[in-house]
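Grab a pencil and work through these short exercises on strands and charged pairs. Try each one on the structure before you read its solution.

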Amino acid sequence: MAYFAAAVTRGSTGWATAELDLTGVSDIEEVAEQLRDVDPDADVSLLFVEADDAYLAILRLDAGEDLRIFGSDSAFAEESRLGALLVGDLKTPALEFDEVLTGAGAAASTTGPDQPAADPDADPVGDADLLADLGVPAQRMLVLCAHEGMLPADVTAEVCQAIGCGDEVEELREA
């Protein structure tokens, strides 16, 4: 399974990025340790893992502690060892996915009427609210992940633009 893992850290000088190699990691704590090592003094550390143009996992550490994880689809855990490691132990998000897509959460999306319909098979897991304090509430995260045809790279780009590190992540992707 091909993947892209972008670590994004915010410290006293702003946002910084680094690509992580997750080959050979044995557990989620080892992934968290790699994220901590990017900038041990970071206030916020995020890891965006995109796999096979189908799955997205986002990990968050605040001041190096309290790991929080969100996965765009629980099927990621069934598709690969990395997916199982990142999202295999996660439960459904705090918000009811169907309600978000049909209720007020759908209005929070930046997508318009020309966007494809929501993917009825998507099964997001984990903490959908992990970026709410940075400007991406759970409803928006779930709506972004649910749009048919929206690639993980598209979701990462939109989320990173919203939180203020879009240019840095795009530069890392192009490197």
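Keep in mind that this is a predicted model.

**Exercise 1.** Work out how strand S4 (residues 55–62) is paired with S3 and with S5.

*Solution.* Start with strand S3 (residues 44–51): S3 and S4 run antiparallel and share eight bridges. One bridge to look up is Leu46, whose partner in S4 is Arg60. Three residues sit between these two strands in their hairpin, and there Asp52 has a positive phi near 50°. Now go to the other neighbour: S4 and strand S5 (residues 65–71) are also antiparallel, with five bridges. Here Leu59 has Ile69 as its bridge partner in S5. That hairpin has two residues between the strands, and Ala63 takes the positive phi near 50°.

**Exercise 2.** Is S4 largely enclosed or largely open, and why?

*Solution.* Buried means under 20% relative accessible area. Seven of the eight residues in S4 pass as buried, so the rest of the structure largely encloses the strand. Arg60 fits the cut-off, being buried at 2%. Asp62 has 25%, so Asp62 is partly exposed. Arg60 and Asp62 form a salt bridge, with their closest N and O atoms 2.8 Å apart.

**Exercise 3.** Which residue meets Glu50 in a salt bridge, and at what N to O distance?

*Solution.* The whole structure holds seven salt bridges. In one of them, the Glu50 side chain meets that of Arg173 at 2.7 Å, N to O. Glu50 lies in strand S3 and Arg173 in helix H8 (residues 166–174), so the pair links distant parts of the chain, 123 residues apart. Check accessibility last: Glu50 is buried at 8%, while Arg173 is partly exposed at 28%.

Methods:
Residues are numbered from 1 along each chain as its sequence is written. This is a predicted model: local features need pLDDT of at least 70, side-chain atom pairs count only at pLDDT 80 or more; totals for chains, interfaces and linings use all residues. Side-chain values use heavy atoms; hydrogens and water are left out. Buried means under 20% relative accessible area, exposed over 50%, partly exposed in between (1.4 Å probe, protein chains only). Helices (H or I, at least four residues) and strands (E, at least two) are DSSP runs, numbered from the N terminus. Two strands pair if DSSP finds at least two bridges between them. A salt bridge is a side-chain nitrogen of Lys or Arg within 4 Å of a carboxyl oxygen of Asp or Glu.
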